[in-house]
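User: Here is a structure I would like to go through step by step. Please reason each answer out before giving the result.

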Amino acid sequence: MSGIRAGADVVMTSVAVETLVSAAEDGVGCAWILGRVENDGSGRYYVMDGRGDVRIGMSAVCDEGGTDPDDGILSLFGESFRDGVLMVVDPYAGEFALYVSEGGDVRKAVAVMSE
């Protein structure tokens, strides 16, 4: 996986993304992201695959729209995850953005899609 990862913080499957975006479009305001944490020679990264029982993060819809997390989303995310993946979905625009938290500091994630 590390060759595909190419320094990405998040490796995601299309099924996981489709599931989370579809949930947001169906009115689900917040959902758990399932997957696993991996580590290779380049460091730690998250695999979003939508299977299993390991919660690696949270997907949320911002009340005002857009893909930037508002204070409410950041607060809710911070209560559950010190380290993890935050996906903010704008179901009206059909867009999403990924963020990672390391030690409570949230930043935009570098992500790649895998099959």
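User: Do β4 and β5 pair in the parallel or the antiparallel sense?

Analyst: Two strands count as paired if DSSP finds at least two bridges between them, and β4 and β5 are joined over five. Methionine 58, for example, stands opposite leucine 86 in β5. The sense in which β4 and β5 pair is parallel.

User: Before we continue, what kind of model is this, and how are its residues numbered?

Analyst: This is a predicted model, in which local features need pLDDT of at least 70 and side-chain atom pairs count only at pLDDT 80 or more, while totals for chains, interfaces and linings use all residues. Side-chain values use heavy atoms, without hydrogens and water, and residues are numbered along each chain, as its sequence is written, from 1.

User: Which helix joins β4 and β5 into a β-α-β unit?

Analyst: Helices (H or I, at least four residues) and strands (E, at least two) are DSSP runs numbered from the N terminus. The unit is right-handed: with the strands pointing away from the viewer, the path from the first strand over the helix to the second runs clockwise. Its helix is α3.

User: Which strand pairs with β4 in the antiparallel sense?

Analyst: One bridge of β4 involves arginine 55, whose partner is leucine 34. The antiparallel pairing runs over five bridges, and the strand that pairs with β4 in this way is β2.

User: How many of the seven residues of β4 are buried?

Analyst: Buried means under 20% relative accessible area, exposed over 50%, and partly exposed in between (1.4 Å probe, protein chains only). β4 is largely enclosed by the rest of the structure, because the number of its seven residues that are buried is six.

User: Which element gives the most to the largest nonpolar core?

Analyst: A nonpolar core is a set of buried Ala, Val, Leu, Ile, Met, Phe, Trp, Tyr and Cys residues joined through side-chain atoms within 4.5 Å. The largest one has 19 residues, and those with the most contacts inside it include Val10, Ile33 and Leu98. β1 (10-13), α2 (14-25), β2, β3 (43-48), β4 (55-61), β5 and β6 (95-102) each supply at least two residues. With five residues, the element that gives the most is α2.

User: How many residues does the other core, apart from this one, have?

Analyst: Among its members are Ala60, Ile73, Val88 and Tyr99. The number of residues in this other core is ten.

User: Which residues of β4 does isoleucine 33 touch?

Analyst: Contact means heavy atoms within 4.5 Å, and neighbours within four places in sequence are left aside. Isoleucine 33 then meets residues including Leu20, Met48, Val85 and Met87. β4 covers 55-61, and the contacts there are Arg55, Ile56, Gly57, Met58 and Ser59.

User: Why is the pair of tryptophan 32 and phenylalanine 81 classed as it is?

Analyst: The whole structure holds two aromatic pairs. Rings of Phe, Tyr and Trp (its six-membered ring) pair if their centres lie within 6.5 Å; planes under 30 degrees apart are stacked, over 60 edge-to-face, and the rest tilted. Here the centres are 5.8 Å apart and the planes stand at 70°, so the class is edge-to-face.

User: How far apart in the chain are tryptophan 32 and phenylalanine 81?

Analyst: Tryptophan 32 sits in strand β2 (residues 30-40), and phenylalanine 81 in the loop between α3 (71-80) and β5 (84-90). The pair therefore links distant parts of the chain, with a separation of 49 residues.

User: Which residue forms a stacked pair with phenylalanine 81?

Analyst: Phenylalanine 81 is buried at 9% relative accessibility. The stacked pair has 5.4 Å centre to centre and 25° between the planes. The partner of phenylalanine 81 is phenylalanine 77.

User: Which aspartate forms a salt bridge with arginine 36?

Analyst: A salt bridge is a side-chain nitrogen of Lys or Arg within 4 Å of a carboxyl oxygen of Asp or Glu, and the whole structure has five. Arginine 36 also forms one with glutamate 38, where the closest N and O atoms are 2.7 Å apart. For the aspartate the closest N and O atoms are 2.8 Å apart, and the residue is aspartate 49.
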